[in-house]
Amino acid sequence: MIESNVTAAVLDKLNTNYMDSLFQEKVTKTQEESGSFSALLDSAVKMINGTNTLANQADAAQIDFALGNVKNTHDVSTKQTKALTALQYTVAVKNKVIEAYKEILNMQI
């Protein structure tokens, strides 16, 4: 029980650090640009492409492991965790964008 709590805490910390490093560059570039909607949209597309790339890498690692080309399960697990974390982050951002859009729709003019 204690080990699972410690493991969960370590994974949460790793996921937070990874996501911060993965998307910090994109956020910084967006903030430095004019702040236009197109810049924000470009940043979102890049984030989706990055998530897709990580998912493809995880799938490839899983296939290589199944075929016996890779014997190190740690690398497979790491790639799967990165892909999952990126997907969860992307979904969270999507949900916030939809929430903001709905709030704008409900505004009285």
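I started on the surface and found a nonpolar patch of about 410 Å², made by Phe37, Leu40, Leu41 and Val45. I then looked up where Phe37 sits: helix α2, which covers residues 37-67. Is Phe37 buried or exposed? I got 63% relative accessibility for Phe37, so this residue counts as exposed, the cut-off being over 50%.

Note to self before going on: this is a predicted model. I checked the confidence and got an average pLDDT of 80 for the chain, with 68% of the residues scoring at least 70. Where is confidence lowest? I found the low point in helix α1, residues 2-32, with a mean of 54. The high point is helix α3, residues 73-105, with a mean of 93. Coordinates with low pLDDT should not be read in detail. My residue look-ups from here on begin in helix α3, where mean confidence is highest.

Next, the overall layout. I counted three helices and zero strands, and reading from the N terminus the order is α-α-α. I also pulled the accessible surface of the chain, about 8,500 Å². Carbon and sulfur atoms own 60% of that surface. How much of the chain counts as buried? I read off 17% of the 109 residues. For contacts with a separation of 6 or more, I noted that 60% come from residues 24 or more positions apart.

Then Thr85, which I located in helix α3. Thr85 has 7% relative accessibility and therefore counts as buried, since the limit is under 20%. What does its side chain reach? I traced the side chain of Thr85 to the backbone oxygen of Thr81, at 2.8 Å.

Thr73 came next, also placed in helix α3. I got 45% relative accessibility here, so Thr73 counts as partly exposed. I took the C-alpha distance from Thr73 to Gln62 and got 9.2 Å. Those two residues are 11 apart along the chain.

Last entry: Gln80, another helix α3 residue. Gln80 comes out at 33% relative accessibility, so partly exposed is the label. Which residues does Gln80 touch, leaving out those up to four places away in sequence? I found Ala58 and Gln62. I looked up one more C-alpha pair, Gln80 and Gln57, which are 23 residues apart along the chain. Their C-alpha atoms are separated by 8.3 Å.

Looking back over the page, Gln62 turned up twice: in the C-alpha pair with Thr73, and as a residue touched by Gln80. For the three residues I looked up in helix α3, I have Thr85 as buried, Thr73 as partly exposed and Gln80 as partly exposed. Phe37, from the nonpolar patch, is down as exposed.

Note on methods:
Residues are numbered from 1 along each chain as its sequence is written. Side-chain values use heavy atoms; hydrogens and water are left out. Patches are made of residues with over 30% relative accessible area and no salt bridge: like charges are joined within 9 Å, nonpolar side chains (Val, Leu, Ile, Met, Phe, Trp, Tyr) within 5 Å. Accessible areas come from the Shrake-Rupley method with a 1.4 Å probe; for residues, only the protein chains shown count as cover. A salt bridge is a side-chain nitrogen of Lys or Arg within 4 Å of a carboxyl oxygen of Asp or Glu. Helices (H or I, at least four residues) and strands (E, at least two) are DSSP runs, numbered from the N terminus. Buried means under 20% relative accessible area, exposed over 50%, partly exposed in between (1.4 Å probe, protein chains only). Contact means heavy atoms within 4.5 Å. pLDDT is the predictor's confidence in each residue, from 0 to 100. A polar contact is a pair of N or O atoms within 3.5 Å; within protein, one must be able to donate a hydrogen and the other to accept it, and residues adjacent in sequence count only if both atoms are side-chain atoms.
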